[in-house]
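This report walks through a predicted model, taking its charged pairs, its strands, its nonpolar cores and its unusual backbone positions in turn.

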Amino acid sequence: MTEGTTSAAAEGADTLSRLEQEGEIAADYLEGLLDIADLDGDIDMDVEADRASVSIISDSKSGDLQKLVGRDGEVLEALQELTRLAVHRETGDRSRLMLDIAGYRAGKRAELSELGAKAAAEARSSGESVQLEPMTPFERKVVHDAVKAAGLRSESEGEEPERFVVVLPA
């Protein structure tokens, strides 16, 4: 191995270690939250796309975890921000951690990928820009990725919370 390759490998290992630490801090914080709320859930940690990813899942069919998702994922978004703050408090570094509860984000990601692909197809066939409804940053990111995968470009326009994606024709 060359010196550059060794250095890059060490940096990658440091990043992975830092992201795993973020996941562990987040998991501890969320376990405490589940205990306080008297909710059952298992916590799964992973590292995806250079960010820590934490999921709360349940074997129970009761739907108790839906309380932590809220209407249109509003509670989930708030919990993600609180969890990121807890990680920041411990590490001193800004966290880009992603939180999923009861598979909500995974399902939403599939739905939004399909929306992005359809919007790209419409922009390609019509030759005109396609404007989508306002979305959260997470939702916009998924749509941008789907449009890029379809070979087109997209942009975000507007101000929060009314920021939306515009898919541009080729």
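In this predicted model, the side chains of Glu81 and Arg84 meet in a salt bridge, with an N to O distance of 3.1 Å. Both residues belong to helix H2, where they stand three residues apart, about one turn of the helix. Their surroundings can be told apart by accessibility: Glu81 counts as partly exposed because its relative accessibility is 38%, whereas Arg84, with a relative accessible area of 16%, is buried. Side chains of opposite charge can pair when their charged atoms come close.

A salt bridge is also found in helix H1, where the side chains of Arg18 and Glu22 meet at 3.1 Å, N to O. Arg18 and Glu22 are four residues apart in H1, so about one helical turn separates them. Arg18 is partly exposed at 33% relative accessibility, while Glu22 has a relative accessible area of 2% and is therefore buried.

Arg153 and Glu155 form a further salt bridge, and here the closest N and O atoms are 3.9 Å apart, which can be set against the cut-off of 4 Å used for a salt bridge. Arg153 is exposed, with a relative accessible area of 55%, and Glu155 is partly exposed, at 32%. The table sets out these three pairs.

| Salt bridge | N to O distance | Relative accessible area |
|---|---|---|
| Glu81 and Arg84 | 3.1 Å | Glu81 38%, Arg84 16% |
| Arg18 and Glu22 | 3.1 Å | Arg18 33%, Glu22 2% |
| Arg153 and Glu155 | 3.9 Å | Arg153 55%, Glu155 32% |

Over the whole structure, the search finds twelve salt bridges, and a network of salt bridges links Arg71, Asp72 and Glu74.

Arg153 also leads to the strands, since its bridge partner in strand S6 is Leu168. Strands S5 (153-157) and S6 (164-168) pair in the antiparallel sense over five bridges. On another pairing of S6, three bridges join it to strand S4 (residues 130-134), again with the two strands running antiparallel, and Gln131 has Val166 as its bridge partner in S6. Strand S6 is mostly covered, with five of its five residues buried. Phe164, Val166 and Leu168 point one way from this strand, Val165 and Val167 point the other way, and all of them are buried.

The hairpin of S5 and S6 has six residues between its strands, and within this hairpin Gly158 takes a positive phi near 90 degrees. Pro161 is found in the loop between S5 and S6, and the peptide bond that joins Glu160 to Pro161 is cis, with omega about 0 degrees.

Most residues other than glycine have a negative phi, and most peptide bonds are trans. Against that background, two further positions deserve a look. Asp38 has a phi near 55 degrees, a positive value in a residue other than glycine; this residue is found in the loop between H1 and strand S1 (42-48), and it counts as exposed because its relative accessibility is 67%. Ala102 likewise has a positive phi, of about 55 degrees, although it is not a glycine. The place of Ala102 is the loop between S3 and H3, and with a relative accessible area of 36% it is partly exposed.

Turning to the interior, the largest nonpolar core has 17 residues, and those with the most contacts inside it are Ile56, Leu68, Leu99 and Ile101. Helix H1 (3-37), strand S2 (51-57), helix H2 (74-91) and strand S3 (98-101) each supply at least two residues of this core, and its largest share, four residues, comes from H1. Once its neighbours within four places in sequence are left aside, Leu99 is in contact with Leu30, Val54, Ile56, Leu76, Leu79, Gln80, Thr83 and Arg105. Apart from this core lies another, of 15 residues, which includes Leu112, Ala123, Val147 and Val165.

Is Lys108 buried or exposed? Lys108, which has its place in helix H3 (residues 104-126), counts as buried because its relative accessibility is 17%, under the 20% cut-off for that class. Leaving aside neighbours within four places in sequence, Lys108 is in contact with Phe138 and Glu139.

Key:
Residues numbered from 1 in each chain as written. Predicted model: local features only at pLDDT ≥ 70, side-chain atom pairs only at ≥ 80, totals over all residues. Heavy atoms only, no water. Core = buried A, V, L, I, M, F, W, Y, C linked by side-chain atoms within 4.5 Å. Buried < 20%, exposed > 50% of the residue type's maximum accessible area, 1.4 Å probe, protein only. Contact = heavy atoms within 4.5 Å. Pairing = 2+ DSSP bridges.
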